[in-house]
Amino acid sequence: PVRVAAMKEGKILLVPQPRLRTGFFSRLVGIQASKMNYAGSQAGVAELGIPVDLDEKFKVDMVVVGSVAVNPANGGRIGKGEGFAELEYGMLRWMGAVDDDTPVVTCIHDCQLVDDIPTEKMLRHDVPVDIIVTPTRTIRVTHKEIPKPTGIYWEDLSPDKLSQIRILQVLKARIEKEQGFALPTGRAEILPPTAMRGEKGKGKSKGKGKGGGK
């Protein structure tokens, strides 16, 4: 609904590739009204979207992220635990497409509002939200005590997660070439089946794969 609503308003929509497996973001612009519902689907994005390159220069007016639970008191959110929203945000931050003032919005049900996501438990790559939209209300987070990530935190990104995301490999190689030295690497981890390239939730490995975001 959010994607279709944005297209109906004539907005340029940037949609990340699922788990960043096949690329970075795709741009949806100028979609015919009859194709908007399809364009908002995974298949539609793949067919109608225009791939976005890391070299492109643009500004994002608003970021919409999914959430499992959100604390309206501080904007702290919990996702699915795989860290892709953080990685996507971190890359956009590196590109200069977003900054601290870019609003981060999440759409959830009222039952997903919680009060037990403390600020001190949030990690530096976690992306807090500024606006929470539910079926019954819109909440603007006024007590913003959780800082937003400033990019990809390579020292927090495991080699296991990095090996699954080609666009991150390209970005890391580029930065290393420009800086003339190797970037740090995080500790190894066991990725959940859904984070494995070529897997569709049928793997046997278990664990939480949380990506870094500077």
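**Note on the predicted model**

1. The surface of the protein comes to about 11,800 Å² of exposed area, with carbon and sulfur atoms supplying 53% of it. The model is predicted, and every value here is computed from it.

2. Burial can be set beside that surface. Of the 214 residues of the protein, 47% count as buried, the cut-off being under 20% relative accessible area.

3. The secondary structure consists of six helices and nine strands. The radius of gyration is 17 Å, close to the 17 Å that the globule rule gives for 214 residues, so the protein is as compact as a globular protein of that length. Measured out along the principal axes, the C-alpha trace spans about 45 × 40 × 40 Å.

4. On contacts: taking those between residues at least 6 apart in sequence, 69% join residues at least 24 apart.

5. On charge: the protein carries 32 positive and 26 negative charges, and the mean positions of the two sets lie 5 Å apart.

6. Strand 1 covers residues 13–16, and its side chains alternate. Leu 13 and Val 15 point to one face and are buried. Leu 14 and Pro 16 point to the other face and are not buried.

7. Which strand pairs with strand 1, and in what sense? The partner is strand 2 (residues 25–28), and the pairing is antiparallel over four bridges. Within this pairing, Val 15, one of the buried residues of strand 1, has Ser 26 of strand 2 as its bridge partner.

Notes
Residues numbered from 1 in each chain as written. Predicted model: local features only at pLDDT ≥ 70, side-chain atom pairs only at ≥ 80, totals over all residues. Heavy atoms only, no water. Helix = DSSP H or I, 4+ residues; strand = E, 2+ residues; numbered from the N terminus. Rg over C-alpha atoms; globule rule 2.2 N^0.38 Å. Buried < 20%, exposed > 50% of the residue type's maximum accessible area, 1.4 Å probe, protein only. Contact = heavy atoms within 4.5 Å. Areas by Shrake-Rupley, 256 points an atom, 1.4 Å probe, with all protein chains shown as cover. Lys, Arg positive; Asp, Glu negative; His and termini not counted. Charge placed at Lys NZ, Arg CZ, Asp CG, Glu CD. Pairing = 2+ DSSP bridges.
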